[in-house]
Amino acid sequence: MLAKNPALLRSDLFDGLDEATVEKLAATAQFRTFAADERIIAEGEPASFVYSVMSGFVRLSKAESAGREADICICEPDDTFGEYLLSGDGAYAYSAWSADGSEVALFQLSDLRALADRYPVMHRNVMRIMTRHLLGAMDCIAGDRLHTAAQRVANYLISRCPASASQASFRLPYRKRILAGKLGLAPEALSRAFAALIPAGVEVRGKVVLVDSVDLLRKAC
């Protein structure tokens, strides 16, 4: 099971557990494949599972009172979502959607709680994951308040460039609409930001990004 799904061994939620224990846990998991833009969980519905992303990407979103939704996180392979529920009963605090198609492992919440009672290290792992989410949210708030849309995009592109490169080219890992949500932008704002970065040597061809000068792009951040 783990040979087929090594992501479970890399999951932060199961860090510190021996391979045999994770193997037994994996044997209880359900594995489901979701199409692009298919909803996995709905915000507010009673929680039954904790999820681990095996392949693809999953976007998490929150809704406002008027019903509009904003993306709050993009989960990648090895990431989990819903793990905060190990500390108590409740409903899902956000919706989850398959980005461009994904496979996820579903773990019964009751099974994980029983496992965490036997292995307290899992509660520590949840705290570490939640701390990372909190710090990420703080960085996002700071970026929203301090950076223009073009600066947010420039910072993201720099993060994709090799540290010592003077030029770079790479493929975006997901559709531009998904990237826009990750950066807290509307799709049209992302398009305007890409256009604003043309003088900084950025060219976008579909999902391929060409950076003519990494140093020039850094100055746009």
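## The chain as a whole

Eight helices and nine strands make up the secondary structure of this protein chain. Keep in mind that what you're looking at is a predicted model. Its C-alpha atoms fit into a box of roughly 55 × 45 × 30 Å, taken along the principal axes.

How does the radius of gyration of the chain agree with that of a compact globule, and why is 17 Å the value to look for? With 221 residues, a compact globule would come out near 17 Å, and the chain has 19 Å, which agrees. Buried residues account for 41% of the 221 residues. As for contacts with a separation of 6 or more, 70% of them join residues that sit 24 or more positions apart.

## Two domains

The domain assignment splits the chain into domain 1, covering 2-144, and domain 2, covering 147-220. Taken over C-alpha atoms, the centres of domain 1 and domain 2 are 28 Å apart. Where they touch, domain 1 puts in 12 residues and domain 2 puts in nine residues.

## The largest pocket

Now for the empty space. The largest pocket holds about 1,300 Å³. It has 42 lining residues, and the closest to its centre are Ile72, Cys73, Ile74, Gly136 and Ala137.

Where does the largest pocket lie with respect to domain 1 and domain 2? Both domains give residues to its lining, so the pocket lies between them. Several elements supply at least two residues each: strand 4 (69-75), strand 5 (80-81), helix 4 (121-146), helix 5 (149-160) and helix 6 (176-182). Helix 4 has the largest share of this lining, with 12 residues. Sorted by class, the lining has 18 nonpolar, 11 polar and 13 charged residues.

## The second largest pocket

The second largest pocket has a volume of about 180 Å³. Its lining is made up of Arg59, Ala70, Asp71, Arg177, Ala180, Gly181, Gly184, Leu185, Ala186 and Pro187. Strand 4 and helix 6 are the elements that give two or more residues to this lining.

Which element gives the most to the lining of the second largest pocket? That's helix 6, with three residues. By class, you'll find five nonpolar, two polar and three charged residues around the second largest pocket. Both domains take part here as well: domain 1 and domain 2 each provide at least three residues of the lining.

## A look at Arg177

Let's finish with one residue from that list. Arg177 lines the second largest pocket and has its place in helix 6. Is Arg177 buried, exposed or partly exposed? Its relative accessible area is 37%, and partly exposed covers values between 20% and 50%, so Arg177 is partly exposed.

Leaving aside residues up to four places away in sequence, Arg177 touches Asp37, Arg59 and Pro187. Two of these names, Arg59 and Pro187, also turn up in the lining of the second largest pocket. Another residue to find on the model is Leu190: Arg177 and Leu190 are 13 residues apart in sequence, and their C-alpha atoms are 8.3 Å apart in space.

Definitions and conventions:
Residues numbered from 1 in each chain as written. Predicted model: local features only at pLDDT ≥ 70, side-chain atom pairs only at ≥ 80, totals over all residues. Heavy atoms only, no water. 1 Å grid on protein atoms, 1.4 Å probe; cavity = no way out; pocket = protein on both sides within 12 Å on 5 of 7 lines; lining within 4 Å. Points joined across faces, edges and corners; volume = space filled by probe spheres on them. Helix = DSSP H or I, 4+ residues; strand = E, 2+ residues; numbered from the N terminus. Nonpolar A, V, L, I, M, F, W, Y, C, P; charged D, E, K, R; others polar. Domains from an automatic or database assignment. Rg over C-alpha atoms; globule rule 2.2 N^0.38 Å. Buried < 20%, exposed > 50% of the residue type's maximum accessible area, 1.4 Å probe, protein only. Contact = heavy atoms within 4.5 Å.
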